[in-house]
Amino acid sequence: MAELKYISGFGNECASEDPRCPGSLPKGQNNPQVCPYNLYAEQLSGSAFTCPRNTNKRSWLYRILPSVSHKPFESIDQGHVTHNWDEVGPDPNQLRWKPFEIPKASEKKVDFVSGLYTLCGAGDIKSNNGLAVHIFLCNSSMESRCFYNSDGDFLIVPQKGKLLIYTEFGKMSLQPNEICVIQRGMRFSVDVFEETRGYILEVYGVHFELPDLGPIGANGLANPRDFLIPVAWYEDRRVPGGYTVINKFQGKLFACKQDVSPFNVVAWHGNYTPYKYNLENFMVINAVAFDHADPSIFTVLTAKSLRPGVAIADFVIFPPRWGVADKTFRPPYYHRNCMSEFMGLIKGHYEAKQGGFLPGGGSLHSAMTPHGPDADCFEKASKAKLEPERIADGTMAFMFESSLSLAVTKWGLKTCSCLDENYYKCWEPLRSHFTPNSRSPTEPK
Ligand SMILES: [Fe+2]
């Protein structure tokens, strides 16, 4: 496949025409009496019409047929998608999952939508406040099927296998160590090329933003120019057997049939688009004198709540970097956090736990649940000679951090059979080093 083209930038007003139809964007207005190439004009709103300019999001799509050309929606099998946060009782324990198992293509064909599994979440879909963490486990491409989410935005983190994502705005290819965001209402279809796994952070009612940088200044962390938006691409494809549009609406799955591919947008303009980002482009800020900075310095994207500084969810990464802090226990400190922390691993080993937390697995440290380095990590890092050293080379761990208290689903606690019952044991060897008669810390040898 030829390399795909993209527009660069974050949240900008963009315009794109499929090169097969030059001049397909109307000039000087959005809604002419008859559009160029006799296309239909359709607006996709990602914010209330009346939002202030800096949060107002919408795009205009010029398409062969409008989205409304479909048969009625009907309820379909929910699989393991849920927004019922009371399926099982609460569990404050530190939870860790072994790599989630991908179904074998030779046994059962599973595509991106039928392979969605809700792991945890909180909040209320109908009042547009909350989030869900889903795992996707699939082995087949979506064939004449697309999906759109009426409830929120999907931040997709592939961990194994490449994705080719068709959207109404064009095509995006995505490989592990890249992420993409498909915002509320945007139709997309996913091709996969092997047994494929990844994580999804869904936020209801808000959109992801770049975090404010404060004293860091105008540059740093995820720079806007590194976000990539697809360019217009259409197919004028009639589907004799019927094309299936799957919709997640108020947490439930519905499907309808239509006679044409939904990827029939010849041109579009606006600031409400899907986008992708390569995590390698993250400009890391870190402690260069002493102590361990809080992980908020590694925030890629944030979905803000109405409370200043408090996120519905942050997407945070732990990228390769230098560790140079003097007089410092360099790994993450022991802590208890009012926020909930779901972590996943795209590749390599995570510094605070060398074993047990594996690529394709996950962990959840809930509100106020204590956690930190395992005993082995503590012993090693307390004695380590503090030379400049590379940290996390060849790895990429990430965190979905939320101000909501997350409930784990029945699939997460039982059905997936990946929960590591022995997780707590990694802290059991921690022992007291207390020397009540001597203030001097034991010098590293
Ligand atoms: Fe933590």
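## A strand pair, its sheet and two domains

In strand E19, His-269 is the bridge partner of Trp-60. That's a handy place to start looking around this model, which is a predicted one.

Zoom out a little from that residue pair. Strand E4 covers residues 58-63 and strand E19 covers residues 265-270, and the two run antiparallel to each other, joined over 5 bridges. They belong to an open sheet of 4 strands, ordered E2-E19-E4-E3, with antiparallel pairing. At the edges sit strand E2 (14-17) and strand E3 (40-45), each of which pairs on one side only. Going from one strand to the next, the twist averages 20 degrees.

Now for the whole chain. The domain assignment splits it into domain 1 (6-279) and domain 2 (284-418). How far apart are the C-alpha centres of domain 1 and domain 2? They lie 27 Å from each other. The two domains do touch: 47 residues of domain 1 are in contact with 45 residues of domain 2.

Which strands supply at least two residues each to the side of domain 1 that touches domain 2? Here they are:

| Strand | Residues |
|---|---|
| E6 | 95-97 |
| E7 | 116-124 |
| E8 | 129-138 |
| E10 | 152-160 |
| E15 | 196-204 |

E7 gives the most to this side of domain 1, with 7 residues. And what's this side made of, by class? The side of domain 1 that touches domain 2 has 28 nonpolar residues, along with 11 polar and 8 charged ones.

Note on methods: Residues numbered from 1 in each chain as written. Predicted model: local features only at pLDDT ≥ 70, side-chain atom pairs only at ≥ 80, totals over all residues. Pairing = 2+ DSSP bridges. Axes fitted to C-alpha atoms, helices over the stretch in contact; angles between N-to-C directions. Domains from an automatic or database assignment. Contact = placed C-beta atoms within 7 Å. Nonpolar A, V, L, I, M, F, W, Y, C, P; charged D, E, K, R; others polar.
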